[in-house]
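Let's take a walk through this model together, sheets to begin with and then pockets, rings and charges. Keep the structure open beside you as you read.

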Amino acid sequence: MDRYICIHGHFYQPPRENPWLEAIELQDSAYPYHDWNERIDSECYSPNAASRILDQAGQIVRIVSNYEKISFDFGPTLLSWMEEKAPETYQAILEADFESLKTFSGHGSAIAQAYNHTILPLANRRDKITQIAWGISDFEHRFRRRPEGIWLPETAVDIESLEIASEHGIRFTILAPHQARRVRKIGERNWRDVSGSSIDPTIAYTLRLPSQREMAIFFYDGPTSRAVAFEHLLDNGVFFAGRIVSGLSPERSGPRIAHIATDGETYGHHHRFGDMALAFALQHIETSQLAQITNYGEFLERHPPAFEVEIAENTSWSCAHGVERWRGNCGCNSGAHARWNQSWRGPLRQSLDWLRDTIAPLYESGAQDLLRSPWLARNDYIDVVLDRSNDSIERFFARHATRALNPVEMTTALKLLEVQRNAMLMYTSCGWFFDDISGIETVQILQYAGRAIQIAEHLSGEKLEPQFLAMLENARSNVTVYRDGRHIWERSVRPAMVNLEKVGAHYAVSSLFENGKHLERIGCYSLERLDSIERQAGRTRMAMGRVRVTCSLTRDSAVLGFNVIHFGGHNIAGGVMTNPEAESFERIAQEMREAFGTGDFPQLLRLLDRHFGQSVYSLRSLFRDEQRRILGIILENTLAEAETVYRELYRDHAPLMQLVREMGIPLPKAFHTAAEFVLNTDIRRALESVNVDLNLIDQKLSEARAAGIAFDAPGLAFAFKRVLERMMEELFENPPDLPTLEKLARAAALARSLQINLDLQKVQNTFWELRQWAYPDIRQRSDAGDADARKWAGLFLTCGKALGVSVD
């Protein structure tokens with residue numbers, strides 16, 4: 001068959017980690033999930049690894065991995081997060097690529113991506129090399145093979161970037177049709193203009209580079225890709241399949257490939273159930289023999305380019321003005337704020353370019369005595385980023401150090417390399433993509449700049465921040481309260497900055513709420529408690545001690561002495577000092593103990609101020625997740641008091657509330673609020689209980705419906721998801737257990753009756769596995785007359801219906 005189909009998904013999220021902690025902090029906008037990566041994994045990345053194909057009754061009849069049948073790239077920083085936080089999804093992606101090697105003639109479907117989504121045409125040559133080298137090394141580390149292709153961020157392209165990619169062994173990339181300028185048949189002299197997206201996208205092309213190397217280019221089907229992303233084509237899998245196949249015009253002879261490219265998040269995050277439309281379309285194409293599904297590597301091997309192409313440099317797929325979206329006020333934006341402008345983009349890039357060019361010579365001069373070739377060492381530093389173990393670091397320095405480095409020199413070298421890593425992360429494209437400089441994506445890249453400045457100033461003794469902020473003043477926000485880049489820096493970047501002392505302060509405050517446990521890690525910092533004492537008098541508590549804090553990225557370390565006092569409620573005061581002498585610190589501790597012992601709390605505060613000076617911290621000093629946890633503990637008593645008031649109001653006046661509703665009179669707001677709080681709280685607690693009482697949950701749900709109370713739908717769905725997953729795990733461990741199956745069937749039916757958006761993916765996946773290996777045997781025993789097996793099979797069928805899985 002000479003008719004081929006390839007669907008490419010570009011899966012990417014900007015790095016969201018706090019640059020000082022190397023961890024993503026709580027993002028309330030992602031509720032009920034911890035952060036947006038976790039939410040999008042649940043909505044998109046995980047579903048595409050186990051996507052459902054339904055029958056006409058809406059029941060699952062197949063579960064398939066879309067990754068095995070499509071072409072895809074994943075952002076390296078996203079995979080780094082996924083490896084730790086979503087390991088099942090991560091492993092499924094790697095396994096899908098391995099399976100695709102068997103399906104597509106030894107050509108894996110995964111391709112590389114430039115490391116942190118920098119717009120390559122706007123980068124200098126040195127950064128282009130590192131971005132591409134790091135992207136390829138990250139790919140090899142994860143997929144255990146060389147990549148054949150690479151995704152250029154935003155498909156932003158220039159010849160120099162393609163030359164560098166070719167030098168690193170890349171064979172092909174994917175571009176938008178409007179990025180082609182002219183084509184000709186190989187061996188012919190005359191070129192044909194194909195500007196304005198008039199290129200034939202159903203064949204591969206070759207681009208001859210100035211070095212005489214060649215790069216194959218695939219230009220995706222623009223209209224169909226847009227329809228998938230923006231025109232609801234994913235509403236119907238059959239229509240989706242038909243639209244793709246329609247690109248294979250019978251008027252075109254020879255082998256042809258219809259292919260599209262969109263953000264991978266289209267399939268599930270941007271369009272709910274988009275993964276299922278994709279799965280159904282792929283099945284429909286195969287079973288109806290509409291075309292042969294392939295990937296770019298396989299097609300390129302079977303059908304090498306017969307035409308060569310010239311590209312339009314400095315263009316991209318998401319900006320009609322080339323690459324201006326990432327450096328100017330070109331007019332490209334989200335469309336959400338018609339009167340806003342993006343004049344801030346230019347000054348922002350100029351500020352970052354100045355910072356990059358200023359710290360480069362500082363890096364060179366600082367590293368010249370430590371590293372044989374500072375820039376080659378930076379290119380290889382990805383090996384350390386991927387593996388922070390001592391062995392990995394020692395191997396790196398064995399290759400690149402000018403000599404055997406002592407611990408201080410090694411820390412200096414690692415800090416210099418971390419300056420460079422953050423100086424590249426600050427160019428992540430999302431920082432310019434959206435509408436205002438105050439957006440979280442822009443704040444994120446400014447934080448990377450802040451981390452680079454912090455380390456560079458510490459190492460060089462030069463002040464970089466004043467000039468940088470003076471330049472940022474020219475980046476004016478559309479939001480009056482944010483004013484400009486400098487104000488945003490002072491508001492959102494400086495408070496986020498962390499050093500060893502602040503980590504120690506976090507540890508000190510947290511220590512009062514650990515119930516005898518001691519934190520051993522905060523983000524990328526390890527903690528070793530050396531000694532400590534605690535005192536309590538009524539509601540007031542005090543903790544003192546010493547802790548060794550070590551940064552796993554740079555090996556920077558310090559012993560910190562701390563004292564923290566909790567006066568009850570939210571009143572917390574603490575101090576930290578660096579590398580205190582043991583004898584001196586013991587004298588201070590004795591003074592604090594004496595003052596605490598006599599109940600002289602004003603004196604305690606005076607001593608705290610005298611001995612710790614400016615290094616005094618409070619509850620505000622905690623990092624976001626821990627701050628939220630400790631506030632929850634502090635608020636427990638207050639919330640309990642409020643709950644008592646609400647419960648009394650609801651209990652004492654429930655009959656009156658019922659009468660008011662029956663008479664068709666709107667419930668007074670005070671009554672409605674009390675009922676809403678009490679019933680939602682009761683349902684949540686019942687779901688969080690170790691032994692879930694389904695009768696109680698059913699009763700409370702009925703009460704809420706009768707009272708016209710709105711459920712906390714996201715929270716309720718999340719809690720039910722956890723309950724069902726826990727029950728399913730119990731059943732999977734012991735499939736013949738009838739009581740567990742009965743409870744699961746009832747819980748599933750109860751959850752389904754709520755008609756809320758319930759994420760049943762993990763539950764359905766496990767149920768499907770049981771259907772494959774446990775159900776046939778038990779069904780056979782049922783047919784043979786086994787009464788228990790017959791009851792089990794009937795319950796399993798009932799449970800399947802509630803979960804939306806076809807059993808028979």
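Two strands pair if DSSP finds at least two bridges between them. Helices (H or I, at least four residues) and strands (E, at least two) are themselves DSSP runs, numbered from the N terminus. Before we go on, a word on what you're looking at: this is a predicted model, where local features need pLDDT of at least 70 and side-chain atom pairs count only at pLDDT 80 or more, while totals for chains, interfaces and linings use all residues. Residues are numbered from 1 along each chain as its sequence is written, and side-chain values use heavy atoms, with hydrogens and water left out.

Now to a sheet that's easy to trace. Six strands make an open sheet in the order E15-E16-E17-E18-E19-E20, and the pairing is antiparallel. Its edge strands are E15 (521-522) and E20 (616-617), each of which pairs on one side only. Start at E15: two bridges join it to strand E16 (residues 525-537), and the two run antiparallel. Across that pairing, Arg521 stands opposite Ser526 in E16. The E15 and E16 hairpin has two residues between the strands, and Gly523 takes a positive phi near 60° there.

Carry on along the sheet and you'll find E16 joined to E17 by 12 bridges, again antiparallel. Ser526 turns up here too, standing opposite Thr550 in E17. This hairpin, like the one before, is described simply: two residues lie between E16 and E17, and Gly538 has a positive phi near 65°. Next, 10 bridges join strand E17 (residues 540-551) to strand E18 (residues 557-566), which run antiparallel. In that pairing, Arg546 faces Gly561 in E18.

There's another open sheet of six strands, with the order E7-E11-E10-E14-E8-E9, and here the pairing is mixed. Strands E7 (172-175) and E9 (192-193) stand at the edges with a single partner strand each, so one side of each is left without a neighbour in the sheet. To see the mix, look at E10. Strand E10 (residues 205-208) pairs with strand E11 (residues 214-219) in the antiparallel sense over four bridges, with Leu207 and Met215 as bridge partners. On the other hand, E10 and strand E14 (residues 307-311) pair in the parallel sense over two bridges, and Thr206 stands opposite Glu308 in E14. The hairpin of E10 and E11 has five residues between the strands, and in the turn Gln212 has a positive phi of about 80°.

On to the empty space. Everything here is worked out on a 1 Å grid over the protein atoms alone: a cavity is a set of points where a 1.4 Å probe fits but cannot get out, and a pocket is an open set with protein on both sides within 12 Å along at least five of seven lines; lining residues have an atom within 4 Å of a point. Grid points are joined across faces, edges and corners, and a volume is the space filled by probe spheres set on the points.

The second largest pocket holds about 1200 Å³ of space. It is lined by 41 residues, and those closest to its centre are Phe230, Asp263, His270, Ser318 and Phe433. Elements giving two or more residues to that lining are helix H1 (36-49), helix H6 (222-230), strand E12 (256-263), helix H15 (430-433) and helix H16 (440-460). H6 has the largest share, six residues.

Phe433 also comes up in a contact between charge and ring (NZ of Lys or CZ of Arg within 6 Å of the ring centre and within 35 degrees of the ring normal). Arg325 lies over the face of Phe433, 3.6 Å from the ring centre. Similarly, the charged end of Arg349 sits over the ring of Trp432, at 4.2 Å from its centre.

As for cavities, there is one of 30 Å³ or more, with a volume of about 40 Å³. Its lining includes Phe74, Pro76, Leu79 and Phe143. H4 gives the most to this lining, four residues.

Finally, salt bridges (a side-chain nitrogen of Lys or Arg within 4 Å of a carboxyl oxygen of Asp or Glu) number 59. One of them joins Glu99 and Lys102, at 3.1 Å from N to O. Both residues lie in helix H3 (residues 87-103), three residues apart, about one turn of the helix.
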